[in-house]
2 protein chains.
Amino acid sequence: MASDNRRIKKKRQSTPFEGQPSELAGVLADLRTAKGLSLRQVEEATDKAVSNAYLSQLENGKIKKPSPNVLHHLAATYAVPYEALMEKAGYLLPAEPGGKRRQRLAAFAIDDLTAEEEEELLKYLAFLRSRS
Amino acid sequence: MASDNRRIKKKRQSTPFEGQPSELAGVLADLRTAKGLSLRQVEEATDKAVSNAYLSQLENGKIKKPSPNVLHHLAATYAVPYEALMEKAGYLLPAEPGGKRRQRLAAFAIDDLTAEEEEELLKYLAFLRSRS
DNA sequence: CCAGACTGCTCAATCGATCAAGCAAATTTA
DNA sequence: TAAATTTGCTTGATCGATTGAGCAGTCTGG
């Protein structure tokens, strides 16, 4: 199963990580045929969450970005990691091979603070800013 | 600003990880006010990717699930990790299965602080914790 | 006190994701 | 071979996300 028509001009700023146009399409099609499932069988497997009509369009790249919800159901059905599909769809960055973690947090973790303490902290923050 | 009306019957199977109804709403509102930005300023900051009208509805929980695209822009604007917002929106599982200590999004951002100020703030945070 | 500049917010209209139906080509069954 | 099934696919309608425009309230300077 080849992949071909790639001529679309995407001018509109759309999604997070503009990845391969529809690499996803091929992947989905392959996964399904690999499992030997028909469109309707998948529809059934996803408990009607993904219609056969929609899946068809998806596999044929006639559709841009399926919702994370749809991807979640498909991932479950094909027994592949959800994040993988999310990535193919361009919702997530290509997972670090080396298992690199965490991005720089610009915000703090303050879960353990009480409401009062948090307020104090904010007050202090305001104070810091007021000095500028 | 409290949070209240939560009586809606969610029968329709909707998104991946059904998380807190609209915890996201509050977080977004907090992040913005923390940064001292107006709705329109954010709209501008996101390069028109998120309208002030929409953000308003989002912060007031009048809207369910913003697209990952929107979250991506907001994350950038508020300088918080994209994945964090994705999680709040229910698109991703609560990160790190291994590391128990989860980082929560602070209700404020500190991008505008100088390195020195940030350090002072952290020191103060440590102080608060030491009192517990 | 008024103009102008902001602010948050609502509401009608738009746009894309998603579905219900139905259609033609295979395949199967009898 | 004809009826019944099944399969991939297209199309019209629906629904929710997102926006454009406008409205009332606040605040500042003249």
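Of the atoms of DNA strand D within 4 Å of the protein, what percentage belongs to sugar or phosphate? The share is 60%, and the rest belong to bases. Keep in mind that this is a predicted model, where local features need pLDDT of at least 70, side-chain atom pairs count only at pLDDT 80 or more, and totals for chains, interfaces and linings use all residues. Residues are numbered from 1 along each chain as its sequence is written, chains are lettered from A and ligands numbered from 1 in the order in which they are written, and side-chain values use heavy atoms, with hydrogens and water left out.

**View 1. Who sits around DNA strand D.** Here 24 residues surround the strand, with Arg40(A), Asn52(A), Lys62(A), Tyr54(B) and Ser67(B) the closest. "Near" just means that a heavy atom of the residue lies within 4 Å. Helix 3 of chain A gives the most to this surface, four residues.

**View 2. Polar contacts on DNA strand D.** Look for pairs of N or O atoms within 3.5 Å. Asn52(A) has a side-chain N or O atom 2.8 Å from a base nitrogen, while a polar side-chain atom of Arg32(A) is 3.0 Å from a phosphate oxygen.

**View 3. Over to DNA strand C.** Again 24 residues surround the strand, and Ala49(A), Tyr54(A), Ser67(A), Arg40(B) and Lys62(B) are the closest. Two phosphate oxygen contacts to spot come from polar side-chain atoms: Lys62(B) at 2.4 Å and Arg32(B) at 2.9 Å. For a base, check Gln57(A), with a polar side-chain atom 3.4 Å from a base nitrogen.

Terms used
Polar contact = N/O pair within 3.5 Å; in protein donor to acceptor, adjacent residues only side chain to side chain. Helix = DSSP H or I, 4+ residues; strand = E, 2+ residues; numbered from the N terminus.
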